[in-house]
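This briefing covers sheet pairing, the nonpolar core, salt bridges and the surface of one chain. The sequence and structure come first.

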Amino acid sequence: MLNKFLALLLLLVTQNVFASNVPWLNQSANTFLAAPSGSSGNMTSRAIVGADLPFPTVSTLGGVESLTCSTNQFYTSISTSGIPACTQPTFANISGTITTSTQLPTSGVTAASYTNANITVTAQGIITAASSGSAGYSPSVKAKSSAYTAVSGDIILATATASFVVTIPLAASNTNGIIQVKKIDASANTVTLTASGSDKIDGLASQVLGVQYDSVNLVSDGSANWYVF
């Protein structure tokens with residue numbers, strides 16, 4: 001019993017002496033016992049530095065540098081020296097397909113079916129404006145022998161059993177419109193082509209077809225003029 005007591009007393013004394021004479025037993029937080037950084041020497045308690053960490057490999061852990069990617073970039077790799085890299089993704093980095101309309105930007109154009117559409121397209125292929133247009137020159141042959149108001153595309157074969165007037169519509173409403181009129185009878189009766197409003201036909205308010213096979217071909221400038229060609 002005495003031997004056990006003496007052994008316990010010796011242990012307590014030894015621990016107390018050991019603790020009071022070994023300086024690294026009580027150190028600051030976040031330090032460790034190591035030789036000097038970058039050289040040999042006695043071990044001391046110090047903070048970890050980058051040189052204390054090995055480079056990472058495909059099978060072992062190691063130190064990695066800190067890096068903040070710029071806006072719209074993401075981490076792509078870490079070198080064997082522990083240096084990360086960032087880059088902006090390309091379409092090749094994206095998987096999947098577009099399946100819903102919410103994944104596409106809106107163009108501001110009303111969803112609809114347009115006839116002879118006039119459209120505005122950006123360099124990126126986005127339609128930013130659309131409207132239905134006219135069919136352009138769509139010729140229609142018509143035989144006339146009395147007063148008539150022409151429409152763009154008319155080819156009028158006029159038989160003047162009596163003199164009559166063909167009214168030419170406003171040029172502003174028929175941009176690039178074409179109207180053709182030919183007097184096919186041999187009578188002395190006339191076919192008078194009269195411009196609408198203040199429009200002019202080759203600078204005149206009207207043109208007259210007075211003999212057989214007289215004809216005019218008119219084209220609109222989209223403003224206030226019809227020209228004979």
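A nonpolar patch of about 360 Å² lies on the surface and is made by Val-141, Leu-157, Ile-184 and Tyr-213. The model is a predicted one. The points below start from this patch and go on to the salt bridges, the sheet, the core and one loop residue.

**Surface patch**

- Val-141, a member of the nonpolar patch, belongs to strand β7, which spans residues 140-144.
- Val-141 has a relative accessibility of 58% and therefore counts as exposed, the cut-off for that class being over 50%.

**Salt bridges**

- The whole structure contains 2 salt bridges by this search.
- One of them joins Lys-142 to Asp-154, with 2.9 Å between the closest N and O atoms. Lys-142 is in strand β7 and Asp-154 is in strand β9 (residues 154-158), so this pair ties together parts that are 12 residues apart in sequence.
- The two partners differ in cover: Lys-142 is partly exposed at 23% relative accessibility, whereas Asp-154 is buried at 1%.
- Asp-185 and Lys-183 form a salt bridge through their side chains, at 2.8 Å from N to O.
- Here Asp-185 is buried, with a relative accessible area of 11%, and Lys-183 is buried as well, at 0%.
- As a general point, side chains of opposite charge can pair when their charged atoms come close.

**The four-stranded sheet**

- An open sheet of 4 strands runs in the order β8-β10-β12-β14, and its pairing is mixed. Strands β8 (148-149) and β14 (206-209) are at the edges with a single partner strand each, so each has one side without a neighbour in the sheet.
- Strand β10 (residues 164-168) pairs with β12 in the parallel sense, over 5 bridges. Within this pairing, Val-165 is opposite Thr-192 of β12.
- On the β14 side, β12 (residues 191-195) is joined by 4 bridges, and these two strands run antiparallel.
- Two bridge partners in β14 can be named: Ser-206 for Thr-194, and Gln-207 for Leu-193.
- Of the 5 residues of β12, 4 are buried, so this strand is largely enclosed by the rest of the structure.

**Nonpolar core**

- Which residues of the largest nonpolar core touch the most other members? They are Val-166, Ile-168, Val-181, Val-191 and Leu-193, out of 19 residues in that core. At least two core residues come from each of β9, β10, β11 (178-183), β12 and β15 (215-220).
- Leaving aside residues up to four places away in sequence, Val-191 touches Ala-158, Ala-160, Phe-164, Val-166, Val-181, Lys-183, Gln-207, Val-208 and Leu-209.
- Among these contacts of Val-191 is Lys-183, the residue that forms a salt bridge with Asp-185.
- Gln-207, another contact of Val-191, is the bridge partner of Leu-193 in β14.
- In soluble globular proteins, nonpolar side chains tend to be buried together.

**Loop after β12**

- Ser-196 sits in the loop between β12 and β13 (200-201).
- Although it is in a loop, Ser-196 is buried, because its relative accessible area is 17% and the buried class covers values under 20%.
- Ser-196 touches Thr-167, Ile-168, Pro-169 and Leu-170, when residues up to four places away in sequence are not counted.
- One of these contacts, Ile-168, is also among the core residues that touch the most other members.

Definitions and conventions
Residues are numbered from 1 along each chain as its sequence is written. This is a predicted model: local features need pLDDT of at least 70, side-chain atom pairs count only at pLDDT 80 or more; totals for chains, interfaces and linings use all residues. Side-chain values use heavy atoms; hydrogens and water are left out. Two strands pair if DSSP finds at least two bridges between them. Patches are made of residues with over 30% relative accessible area and no salt bridge: like charges are joined within 9 Å, nonpolar side chains (Val, Leu, Ile, Met, Phe, Trp, Tyr) within 5 Å. Accessible areas come from the Shrake-Rupley method with a 1.4 Å probe; for residues, only the protein chains shown count as cover. A salt bridge is a side-chain nitrogen of Lys or Arg within 4 Å of a carboxyl oxygen of Asp or Glu. Buried means under 20% relative accessible area, exposed over 50%, partly exposed in between (1.4 Å probe, protein chains only). A nonpolar core is a set of buried Ala, Val, Leu, Ile, Met, Phe, Trp, Tyr and Cys residues joined through side-chain atoms within 4.5 Å. Contact means heavy atoms within 4.5 Å.
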